[in-house]
Amino acid sequence: MTTLYGATRSVVKSHYALITPEGHISAPIAGWRATRSVILIAPRLGAQFAQYQLTLDVGGGGDGLSARELFIYVLSGSLTVQLDSRQATLLSGGYLYLPPAARYALSAQEHNTELLVIERAYMPQSNLLPPAPLIGKEQDIVGTPFMGESAAVLKLLLPDVPAFDMAVNLFTFQPGATLPIVETHIMEHGLLLLQGQGIYRLGDDWHPVQAGDTIWMAPFCPQWFVATGKTPARYIYYKDVNRHPF
Ligand code: UGY
Ligand code: MN
């Protein structure tokens with residue numbers, strides 16, 4: 001797609017970034033074979049985690065010991081996962097959590113298998129062991145209304161227990177539904193809009209957003225969302241949780 005006069009919906013500011021798919025540039029990524037990557041959020045943007053999307057050829061993937069903690073969500077295609085004790089095939093909606101130093105082998109079974117990855121340094125907590133590797137699928141998670149708003153339903157993909165320093169949640173908004181408040185909080189977010197469209201308030205700006213858009217929200221960035229259009233809007237997002245501010 002070409003653009004006249006250099007227009008883009010992408011915006012990068014010190015307290016948030018909106019990155020739209022037309023501007024993606026893919027490249028190989030260390031540690032993954034037969035894989036194209038687009039790094040969408042990273043420490044050099046100001047974030048304390050990385051979020052990237054990977055497109056794998058058949059047989060593409062990675063193996064070894066995880067350097068940091070990793071959350072991998074299958075957007076489309078098929079991915080086999082081999083852990084020390086388990087093997088599984090993940091389809092769309094399937095996911096894998098790996099703590100640091102976990103042994104893994106991943107291999108795509110379909111051409112153009114697409115993955116969303118969140119990677120960050122695990123923050124140890126005294127008296128707590130890091131979580132064990134976890135495999136799941138969003139279809140098995142029961143959603144609950146967010147802050148009593150039945151038209152905004154949240155699924156927590158990871159257990160909400162102190163060993164986890166990250167949460168990854170799936171939000172579904174019926175047309176016209178909103179975040180009940182303008183949130184302003186210490187946790188940062190990495191977000192991928194999976195379906196539908198809406199308006200995202202970020203700081204003092206309001207942006208139209210649609211499926212495929214990525215958003216980074218720094219700590220304390222005021223945020224609010226309304227789903228527009230005639231179909232539900234759905235996004236997956238990362239959040240740092242369960243740790244002290246110092
Ligand atoms: O969990 C959250 O902070 C979530 N409600 N934020 C968001 O969707 N921007
Ligand atoms: Mn939030």
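Colleague: What makes the pair formed by an oxygen atom of ligand 1 and the side chain of Tyr237 a polar contact?

Modeller: In this predicted model, the oxygen atom of ligand 1 is 2.7 Å from an N or O atom in the Tyr237 side chain. The cut-off is 3.5 Å, so the pair counts as a polar contact. Lys239 also places a side-chain N or O atom 2.7 Å from an oxygen atom of ligand 1, and a polar side-chain atom of Gln223 lies 2.8 Å from a nitrogen atom of the ligand. Of the 270 Å² of accessible area that ligand 1 has on its own, the protein covers 97%.

Colleague: Which residues are called donors of the manganese ion (ligand 2), and why?

Modeller: Glu183 (OE), His185 (NE2), His189 (NE2) and Gln223 (OE1) coordinate the manganese ion at 2.1 to 2.3 Å. The limit for donors is 2.8 Å, so these atoms qualify. Along the sequence, the donor residues follow the spacing E-x1-H-x3-H-x33-Q.

Colleague: Why is the site of the manganese ion (ligand 2) called octahedral?

Modeller: The site has 6 donor atoms, with angles of 77 to 174 degrees among them. Six donors count as octahedral if opposite ones are over 155 degrees apart and all others between 65 and 115, and the site is therefore classed as octahedral.

Colleague: Are Glu183 and His185 buried or exposed?

Modeller: Both Glu183 and His185 are buried, which means under 20% relative accessible area.

Colleague: Where does ligand 1 sit?

Modeller: Ligand 1 sits in the largest cavity, and the residues surrounding ligand 1 include Phe146, Phe171 and Tyr200.

Notes
Residues are numbered from 1 along each chain as its sequence is written. Chains are lettered from A and ligands numbered from 1 in the order in which they are written. This is a predicted model: local features need pLDDT of at least 70, side-chain atom pairs count only at pLDDT 80 or more; totals for chains, interfaces and linings use all residues. Side-chain values use heavy atoms; hydrogens and water are left out. Donors are N, O and S atoms within 2.8 Å of the metal (3.2 Å for Na, K and Ca); water is not among the atoms, so sites may look incomplete. Four donors count as tetrahedral if all angles lie between 85 and 135 degrees; four count as square planar and six as octahedral if opposite donors are over 155 degrees apart and all others between 65 and 115; anything else is irregular. Buried means under 20% relative accessible area, exposed over 50%, partly exposed in between (1.4 Å probe, protein chains only). A residue is near a molecule or strand if one of its heavy atoms lies within 4 Å of it. A polar contact is a pair of N or O atoms within 3.5 Å; within protein, one must be able to donate a hydrogen and the other to accept it, and residues adjacent in sequence count only if both atoms are side-chain atoms. Accessible areas come from the Shrake-Rupley method with a 1.4 Å probe; for residues, only the protein chains shown count as cover. On a 1 Å grid over the protein atoms alone, a cavity is a set of points where a 1.4 Å probe fits but cannot get out, and a pocket is an open set with protein on both sides within 12 Å along at least five of seven lines; lining residues have an atom within 4 Å of a point. A molecule sits in a cavity or pocket if more than half of its atoms lie within 2 Å of its grid points.
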